[in-house]
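Q: Could you take me through one helix contact in close detail? After that, please set it beside whatever else is on hand about packing and internal space.

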Amino acid sequence: MNVLLLKEPKDDGSGPDPYIKELGSCGLEATMIPALSFQFVSLNALTDKLFQPSKHSGLIFTSPRAVEAVKMCLESDEKRAEWNRSVKDEWNTKSIYVVGKATATLARSLGLNPLGEDTGTADVLSRLIIDREDTNIPPLFFPCGSLKREVLPTTLRENGVPLETMTVYQTIGHPDVAANLKNYFAAKGVPASVAFFSPSGVRFCLDEIRKLAGEQITQIKFAAIGPTTRDALTAEGLCVSCTAEKPTPGNLAAAIAEALK
């Protein structure tokens, strides 16, 4: 059975994407089509913040893209040397909060020691932060995307935890998503399952999938990487067949395989 994953394939030279691999081990043929594209913004302002860790109590990353923005600020040899010499160590004396394993792995690649990678959502991470942080501290610094949900900032502010946010990337629909979806449906027909990985993916892809699937859309088992994405699909009137217990390849593959039994 065919499964469509609306996600950018992992391209790090380490072999097949983990989602393709896990679904393959369940006897399912998965195809990945990128749903989103990202434009980085305010990198000069972000660089200034990153090299003044004394002004903040820690960092919060809720997406891999936010860490990628940090990485772009360290591209010059001079900045990277300064970061490795002292700045990352100063940040590591503070709390570095992340959501999910992918974000944690990227943070570690910068020499940071993240907390909270097992929190699957910003909601759960916000509770961890509230449990750990005092209210009389310098603000935590939260570089984020233009379409971030307000749950984490609102929850922290309601509980008196100081926070400073900065938009460092904008999320747009992938320029080729409509053509790629059309080619996929023409070649493989209506997939047994379609998996979404973010509310933004729902926003930018669902109408095209509805158009291509037509009346057969009711045959598709819709899958979500987590509760936020599930809620976005439900809000569009779709029946969500499964949600990954945690946002990992193994958990999503197991959920889809179970739904397709």
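A: Start with the residues that touch. From H1 come Pro 18, Tyr 19, Glu 22 and Leu 23. They meet Pro 249, Gly 250, Leu 252, Ala 253 and Ile 256 of H11. By class, this contact has seven nonpolar residues, one polar and one charged. Glu 22 is the charged one, and Gly 250 counts as the polar one. Keep in mind that the model is predicted.

Now the geometry. H1 covers residues 18-25 and H11 covers residues 249-259. Their axes come within 9 Å. They cross at roughly 40°. H1 and H11 are therefore oblique to each other, because an angle has to be under 35 degrees to count as roughly parallel. The handedness of this crossing is right-handed.

A second helix pair serves as a reference. H3 (residues 64-73) packs with H5 (residues 101-109) at an angle of about 15°. Their axes lie 8 Å apart. That angle makes H3 roughly parallel to H5. Here the crossing is left-handed. H3 supplies Pro 64, Val 67 and Glu 68 to the contact. H5 supplies Ala 102, Thr 103, Leu 106 and Ala 107. The class split is five nonpolar, one polar and one charged. Glu 68 is the charged member, and Thr 103 is the polar one.

Last, the internal space. The count is one cavity of 30 Å³ or more. The largest cavity holds about 60 Å³ of space. Its lining includes Gly 100, Lys 101, Glu 117 and Asp 118. Gly 120, Lys 246, Pro 247 and Thr 248 also line the largest cavity. One lining residue is nonpolar, three are polar and four are charged. Pro 247 is the nonpolar one. The charged ones are Lys 101, Glu 117, Asp 118 and Lys 246. Lys 101 also falls in the residue range of H5.

Terms used: Residues numbered from 1 in each chain as written. Predicted model: local features only at pLDDT ≥ 70, side-chain atom pairs only at ≥ 80, totals over all residues. Heavy atoms only, no water. 1 Å grid on protein atoms, 1.4 Å probe; cavity = no way out; pocket = protein on both sides within 12 Å on 5 of 7 lines; lining within 4 Å. Points joined across faces, edges and corners; volume = space filled by probe spheres on them. Axes fitted to C-alpha atoms, helices over the stretch in contact; angles between N-to-C directions. Helix = DSSP H or I, 4+ residues; strand = E, 2+ residues; numbered from the N terminus. Parallel < 35°, antiparallel > 145°, perpendicular 65-115°, else oblique. Left-handed = near helix turned anticlockwise from the far one by under 90°. Contact = heavy atoms within 4.5 Å.
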